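Subject: Structure for you to look at

Hi,

Here is the structure I promised to pass on. Please open it and keep it beside this email while you read.

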Amino acid sequence: MANATPLPLYAIGLGSNRRHARFGDPRRVLLAALAALESDDIEPVDASPIIASDPVGPSRRRYANAVALVASPLSPPEMLDRLQTIEAAFGRRTGQRWSARTLDLDILLWSGGAWSDGALTIPHPAMATRAFVLGPLRAVAPGWPHPLLGRTVRQLAAQLVRAKPVDRSASAH
């Protein structure tokens with residue numbers, strides 16, 4: 001029985017900057033999370049290399065970050081629910097934004113385009129400004145177009161690292 005329509009694709013961002021009692025350091029937490037994503041209705045397609053990045057916000061611990069591409073018939077709200085269930089299983093506590101966390105899973109992109117329902121916004125609102133997202137994402141989906149910005153992941157990543165022009169009229173003091 002051949003399925004005529006391919007399953008929707010999701011790009012999932014993974015991050016960790018706290019050890020886990022069972023899995024160990026943040027890199028190993030991400031490897032365990034990649035394994036936890038795989039289920040009857042979530043099929044892994046590809047995963048980026050794991051990179052180290054500086055924290056955003058008050059946390060002092062460096063992060064391990066990666067991106068997984070998965071195929072799934074789940075709707076965006078169902079996928080969000082699944083990701084939150086996995087985060088909870090890894091001991092994620094809700095609370096302070098940008099605090100140290102064992103596991104953070106975010107839906108970055110969905111092959112269905114843009115989605116917004118109050119609880120979830122796809123594409124992830126901050127992804128285009130974060131090198132720790134765009135670097136790993138470029139490794140697995142360089143040609144994926146951002147549904148709102150009309151640029152590919154590769155173009156967004158290049159734009160982020162390109163040197164900014166110096167404002168000659170700005171005062172030195």
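Below is what I found in it, starting with the overall fold.

Please note that this is a predicted model. The chain has 173 residues, and 42% of them are buried. It contains 4 helices and 7 strands. Read from the N terminus, the order is β-α-β-β-β-α-β-β-β-α-α. Among contacts with a separation of 6 or more, 65% join residues 24 or more positions apart. About 10,000 Å² of the chain is exposed, and carbon and sulfur atoms supply 53% of that area.

Helix α3 next. It covers residues 131–140, and its buried residues are Val 133, Leu 134, Pro 136, Leu 137 and Val 140. In an α-helix, residues three or four places apart point the same way, because there are 3.6 residues a turn. What do the buried residues of α3 pack against? Their partners are β1 (9–16), β2 (43–47), β3 (51–53), β4 (63–71), β5 and α4 (153–161).

Now the charged pairs. Side chains of opposite charge can pair when their charged atoms come close. There are 3 salt bridges in the structure.

- Asp 41 and Arg 82 meet with N to O at 2.8 Å. Asp 41 sits in the loop between α1 (26–37) and β2, and Arg 82 in helix α2, so this salt bridge ties together parts 41 residues apart in sequence. Asp 41 is partly exposed at 24% relative accessible area. Arg 82 is also partly exposed, at 25%.
- Arg 62 and Asp 54 meet at 2.5 Å, N to O. Arg 62 is partly exposed at 47% relative accessibility. Asp 54 counts as exposed, at 52%.
- Arg 28 pairs with Asp 25, with the closest N and O atoms 3.8 Å apart. Asp 25 is partly exposed, with a relative accessible area of 26%.

One more aspartate is worth a look. Asp 40 lies in the loop between α1 and β2. At 87% relative accessibility, Asp 40 is exposed. Its C-alpha atom is 9.1 Å from that of Ser 72, which is 32 residues away along the chain.

On to the rings. The structure holds 3 aromatic pairs. In one of them, the ring centres of Tyr 10 and Trp 110 are 6.4 Å apart and the planes are at 25 degrees, so the pair is stacked. This pair links distant parts of the chain: Tyr 10 is in strand β1, Trp 110 is in strand β5, and their positions lie 100 residues apart. Both Tyr 10 and Trp 110 are buried. Phe 23 and Phe 90 form another stacked pair, 5.0 Å centre to centre with 25 degrees between the planes. Phe 23 is in the loop between β1 and α1, and Phe 90 is in the loop between α2 and β5, 67 residues apart. Phe 23 is partly exposed at 22%, whereas Phe 90 is buried at 7%. Ring pairs also join Tyr 10, Trp 110 and Trp 115 into a cluster.

Last, Thr 102. Is this residue buried or exposed? Thr 102 is buried, at 8% relative accessibility. It is found in the loop between α2 (76–89) and β5 (104–110). Leaving aside residues up to four places away in sequence, Thr 102 touches Gly 15, Ser 16, Arg 18, Arg 19, His 20, Val 29 and Phe 90. Phe 90 is thus a name you have met already, as the ring partner of Phe 23.

Best wishes

Terms used. Residues are numbered from 1 along each chain as its sequence is written. This is a predicted model: local features need pLDDT of at least 70, side-chain atom pairs count only at pLDDT 80 or more; totals for chains, interfaces and linings use all residues. Side-chain values use heavy atoms; hydrogens and water are left out. Helices (H or I, at least four residues) and strands (E, at least two) are DSSP runs, numbered from the N terminus. Buried means under 20% relative accessible area, exposed over 50%, partly exposed in between (1.4 Å probe, protein chains only). Contact means heavy atoms within 4.5 Å. Accessible areas come from the Shrake-Rupley method with a 1.4 Å probe; for residues, only the protein chains shown count as cover. A salt bridge is a side-chain nitrogen of Lys or Arg within 4 Å of a carboxyl oxygen of Asp or Glu. Rings of Phe, Tyr and Trp (its six-membered ring) pair if their centres lie within 6.5 Å; planes under 30 degrees apart count as stacked, over 60 as edge-to-face and the rest as tilted.
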